[in-house]
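Grab a pencil and open the viewer. Below are a few exercises, each followed by a worked solution.

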Amino acid sequence: MKSFSPTDLSERDNYKFLIGGIIPRPIAFVTTESIDGILNGAPFSYFNIITANPPMISISVQRQAGKQKDTARNAIEKNEFVVHIVDELNVEAINKTAAALPPNESEVQLAGLTPVDSVKISVPGVKEAKIRLECKLEQAIPLGTNNEACDLLIGKIVHYHIDEAIYENGRIDSNGLKAVSRLAGDHYAKIGEIFTIERPK
């Protein structure tokens with residue numbers, strides 16, 4: 001087995017080990033709105049659950065040369081955002097939103113996605129997702145040397161939207177959701193074979 005110290009590696013090499021080894025990663029498509037009313041949308045695979053009581057999720061928004069991305073800036077300025085689960089039907093459109101656009105242009109419009117009003121917050125979501133999570137910003141934590149690496153957004157879910165086709169008796173049908181996950185490079189993965197192992201009591 002090869003061994004490496006992160007401090008001996010370049011940022012790019014650390015990145016390659018992380019995205020190649022920590023797989024599969026769920027993908028959050030996040031919509032935010034600028035103070036000028038521009039609807040921003042971008043996918044993030046540094047994303048997961050924090051706690052269920054209250055329901056909270058985390059998204060790490062990497063900075064570019066120490067500069068905040070639109071998603072982090074908008075979420076912090078308005079204290080709210082919407083998280084969508086990326087699936088087999090919307091992944092192509094959502095991939096288009098990864099394009100680097102100026103703050104005054106909407107990735108949602110570029111990708112041909114359909115804005116839909118939220119219930120508890122002012123930021124719209126998009127219709128094409130089977131699951132939408134309306135979030136209030138609980139905390140934004142800048143990380144890295146001189147806070148230049150990323151903005152860790154912690155969102156408290158204030159409203160769920162779940163497609164009726166995948167909802168049954170308080171549970172979500174993972175086969176019906178058809179979520180996709182992020183691997184390294186340009187690669188994604190489908191759910192694939194599901195197997196069961198009983199947890200110890």
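This is a predicted model, so keep that in mind throughout.

**Exercise 1.** Work out how the residues lining the second largest pocket divide by class, and which elements supply them.

*Solution.*
- Step 1: sort the lining by class. That gives 23 nonpolar, 4 polar and 2 charged residues.
- Step 2: check the size. The second largest pocket holds about 790 Å³ of space, and 29 residues line it.
- Step 3: look towards the centre. Lying nearest to it are Pro-26, Ile-49, Ile-85, Ile-131 and Leu-177.
- Step 4: assign the lining to elements. At least two residues each come from strand 1 (25-26), strand 4 (47-52), strand 5, strand 9 (131-143), strand 10 (150-162) and helix 5 (174-177). Strand 4 has the largest share, with 5 residues.

**Exercise 2.** Now do the job for the largest pocket: find its volume, its central residues and the element with the largest share of its lining.

*Solution.*
- Step 1: the volume comes out at about 1500 Å³.
- Step 2: 48 residues line this pocket, and the closest to its centre are Val-61, Gln-62, Arg-63, Gln-64 and Lys-69.
- Step 3: two or more lining residues come from each of helix 1 (11-21), strand 3 (39-44), strand 5 (55-62), helix 2 (70-78) and helix 3 (91-96). Helix 1 takes the largest share, 6 residues.
- Step 4: by class, the lining splits into 22 nonpolar, 15 polar and 11 charged residues.

**Exercise 3.** How many disulfides does the structure hold, and are Cys-135 and Cys-150 buried or exposed?

*Solution.*
- Step 1: count the disulfides. There are 0.
- Step 2: check the distance. For Cys-135, the nearest cysteine sulfur is that of Cys-150, 18 Å away. A disulfide needs the sulfur atoms within 2.5 Å, and Cys-135 is in none. Cys-150 is in no disulfide either.
- Step 3: turn to accessibility, where buried means under 20%. Cys-135 is at 0% relative accessibility, so it counts as buried. Cys-150 is at 7%, so it counts as buried too.

**Exercise 4.** Strands 1, 13 and 14 form an open sheet. Which strands stand at its edges?

*Solution.*
- Step 1: write down the strand order, which is 1-13-14, with antiparallel pairing.
- Step 2: count partners. Strand 1 and strand 14 (188-189) each have a single partner strand, so they stand at the edges and one side of each lacks a neighbour in the sheet.
- Step 3: zoom in on one pairing. Strand 13 (residues 181-182) runs antiparallel to strand 14, and 2 bridges join them. In one of these strands, strand 14, Ala-189 is the bridge partner of Ser-181.

Technical notes
Residues numbered from 1 in each chain as written. Predicted model: local features only at pLDDT ≥ 70, side-chain atom pairs only at ≥ 80, totals over all residues. Heavy atoms only, no water. 1 Å grid on protein atoms, 1.4 Å probe; cavity = no way out; pocket = protein on both sides within 12 Å on 5 of 7 lines; lining within 4 Å. Points joined across faces, edges and corners; volume = space filled by probe spheres on them. Helix = DSSP H or I, 4+ residues; strand = E, 2+ residues; numbered from the N terminus. Nonpolar A, V, L, I, M, F, W, Y, C, P; charged D, E, K, R; others polar. Buried < 20%, exposed > 50% of the residue type's maximum accessible area, 1.4 Å probe, protein only. Pairing = 2+ DSSP bridges.
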